[in-house]
Amino acid sequence: MKRTIIKNLLKSEDFDRTVVVKGWIRNRRGSKNVAFIALNDGSTINNIQVVVDFSELGETIMDGVGVGASLSVEGELIESQGGGQKMEVVAKKLVVLGNADPKEYPLQPKKHSLEFLREIAHLRFRTNTFGAITRIRHAMIFGVHQFFNDRGFYNIHTPIITSSDAEGAGEMFQVTTLDEKNPPLTEDGEIDYKKDFFGKKTNLTVSGQLEAELAALAMGQVYTFGPTFRAENSNTTRHLSEFWMIEPEVAFNDIVDNMDLAEDMLQYLAKYALDNCMDDIQFLSKRLQEEEKGKKEADRSMELIEKLNFVVDNKFERVTYTEAINILRNSKPNKKKKFSYIIEGWGADLQSEHERYLVEKHFKKPVILIDYPANIKAFYMKLNDDGKTVRAMDILFPGIGEIVGGSERESDLETLKSKMDALDIPQDEMYWYLDTRRFGSVPHSGFGLGFERLMLFVTGMGNIRDVIPFPRAPKQAEF
RNA sequence: UCCUCUUUAGCUCAGCUGGUUAGAGCACCUGACUGUUAAUCAGGGUGUCCUAGGUUCAAGUCCUAGAAGAGGAGCCA
């Protein structure tokens, strides 16, 4: 007999029939005569209760079988005779597929700290919290593709190994097959990368944007959704060395179209989560509220479902950098010198304390900041008519900070070249990028959305290492 | 990389101004219980007190160095 997925079984109204369920024991209770097993197969956060009557199946059938063991159960699906659940399976045949020695198995039917679970990331899928996160992560991946597909975008696989080192997005991981103890040298005594696998120095990508631009200037609307690597030594709750980034790039879009697209997308994805992952979100919400019980009311975060609905229902605040500086300059923490970095004039980069003030205290909603000073932003961003600001946009979310960074791209060849000169970016190596501006250049825009930061928002989790199955961070590449 | 904090049982943590045999809850083990809901009740401590030095009659506790983890900052998505 074929097994029924527990998620489907729990939706069933059709009782008094024989079913087969397979899964792992989450909890076990009972008395001398009867055991109650909460069985989970990963399809849903909810368990099915399996009832084992020892007088029928033998007294020893469950000896030494506890949390974590895997079972195959054939039995009758009936309306539950106990209080806590609608239905249960009364076992007729029970096979222990694989036991988990209770003395050795580290997971218990109780709360574990996230730090502990990170150390046993290979087993943490088996907890309610990571089951929920894993299902939501899948749904969000699916939602991202759905969003773009519905709007006629094409997905582009940009290269993971690249030779361009001009993107300026961060430190890079080098890719080489050279003998590290005895590399070939040039006459000058430098490492000779002409002898390396690709005949040049290569590294893992820090962004698919430049390649996505190439595609956008022929395909119109494209997006990448792939792994991204940054060798920055950053140890925070918001950074990973390996993360997944969504980068749409759209021909003929200006900065306003770009903001509209990003806002639509974030609202769509928040709604997608609410529509498709309610059970898991409810669980995470309860978990979060439990965790924050000790905090003062003012320090507690907004309830998760409420927070997601808030983003779906409210327009993001759109503010220029110059306006933001004025707000900050006149703010209480600035005047009372509560900020670690006091805002004095136009031109300084905003620190996270300033971004947090704007989002969490002043506007109390997601904020899109635009028109940053040119000198604190990347070379490819379009220069405004004032000659000193660029059409950059950052979307700031409460509790997360920058979730999206993007811009209208500089489409004028000469302006772009002089910008590259000023920043010492070699034009000959970037000939392929400049060709897009030489041949049929058009205004175009795009942005990058850190998928794990989106996951932080949707799950309410506090540490980015808990929303990716196997986090990669400085000194962390286990599993 | 910088600042702050943490490291004691399988997990979460207590352990006072240094003092005899290191504690609690949960987990686990043994037993009881005719349907449990993180079941309940009775009994049982299972330990490299992160590591290496040092101070001291005596170190889980004090000092030095290191490691690992967490939070914040910078960098950014």
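**Aromatic pairs and the RNA surface in a predicted model**

Biologist: Which base or phosphate atom of RNA strand B is 3.2 Å from an N or O atom in the side chain of Asn463?

Modeller: This is a predicted model. In it, an N or O atom of the Asn463 side chain lies 3.2 Å from RNA strand B. The partner atom there is a phosphate oxygen.

Biologist: Which residue has a backbone N or O atom 2.8 Å from a base nitrogen of RNA strand B?

Modeller: Bases of the strand are contacted through a side chain at His239, where an N or O atom is 2.8 Å from a base oxygen. The contact to a base nitrogen is made by the backbone instead, and the residue is Leu240.

Biologist: Which element gives the most to the surface near RNA strand B?

Modeller: The strand is surrounded by 50 residues, with Asn27, Thr236, His239, Ser352 and Arg453 the closest. Elements that each supply at least two residues include β1 (17-30), α3 (114-119) and β11 (242-251). With four residues, the element that gives the most is β15.

Biologist: How many residues of the surface near RNA strand B are polar?

Modeller: Nine residues of this surface are nonpolar and 15 are charged. The remaining class, the polar residues, numbers 26.

Biologist: How many residues apart in sequence are the parts that the pair of Phe339 and Tyr357 ties together?

Modeller: The structure holds 17 aromatic pairs. In one of them, Phe339 and Tyr357 meet edge-to-face, 6.0 Å centre to centre with 90° between the planes. Phe339 belongs to the loop between α10 (332-335) and α11 (352-363) and Tyr357 to helix α11, so the pair joins parts separated in sequence by 18 residues.

Biologist: Is Tyr357 buried or exposed?

Modeller: Buried means under 20% relative accessible area. Tyr357 has a relative accessible area of 17%, so the residue is buried.

Biologist: What is the geometry of the pair formed by the rings of Phe379 and Tyr433?

Modeller: Planes over 60 degrees apart count as edge-to-face. The ring centres of Phe379 and Tyr433 are 6.2 Å apart and the planes stand at 70°, so the pair is edge-to-face.

Biologist: Over which ring does the charged end of Lys388 sit?

Modeller: Arg151 places its charged end over the ring of Tyr268, 5.5 Å from the centre. For Lys388 the distance to the ring centre is 4.4 Å, and the ring belongs to Trp346.

Biologist: Which element of chain A has the lowest mean pLDDT?

Modeller: Chain A has a mean pLDDT of 92, and 98% of its residues reach 70 or more. Among its elements, strand β6 (residues 154-155) has the highest mean, 98, while the lowest, 86, belongs to helix α2.

Definitions and conventions:
Residues are numbered from 1 along each chain as its sequence is written. Chains are lettered from A and ligands numbered from 1 in the order in which they are written. This is a predicted model: local features need pLDDT of at least 70, side-chain atom pairs count only at pLDDT 80 or more; totals for chains, interfaces and linings use all residues. Side-chain values use heavy atoms; hydrogens and water are left out. Rings of Phe, Tyr and Trp (its six-membered ring) pair if their centres lie within 6.5 Å; planes under 30 degrees apart count as stacked, over 60 as edge-to-face and the rest as tilted. Buried means under 20% relative accessible area, exposed over 50%, partly exposed in between (1.4 Å probe, protein chains only). A charge sits over a ring if NZ of Lys or CZ of Arg is within 6 Å of the ring centre and within 35 degrees of the ring normal. pLDDT is the predictor's confidence in each residue, from 0 to 100. A residue is near a molecule or strand if one of its heavy atoms lies within 4 Å of it. A polar contact is a pair of N or O atoms within 3.5 Å; within protein, one must be able to donate a hydrogen and the other to accept it, and residues adjacent in sequence count only if both atoms are side-chain atoms. Ala, Val, Leu, Ile, Met, Phe, Trp, Tyr, Cys and Pro count as nonpolar, Asp, Glu, Lys and Arg as charged, and the others, Gly among them, as polar.
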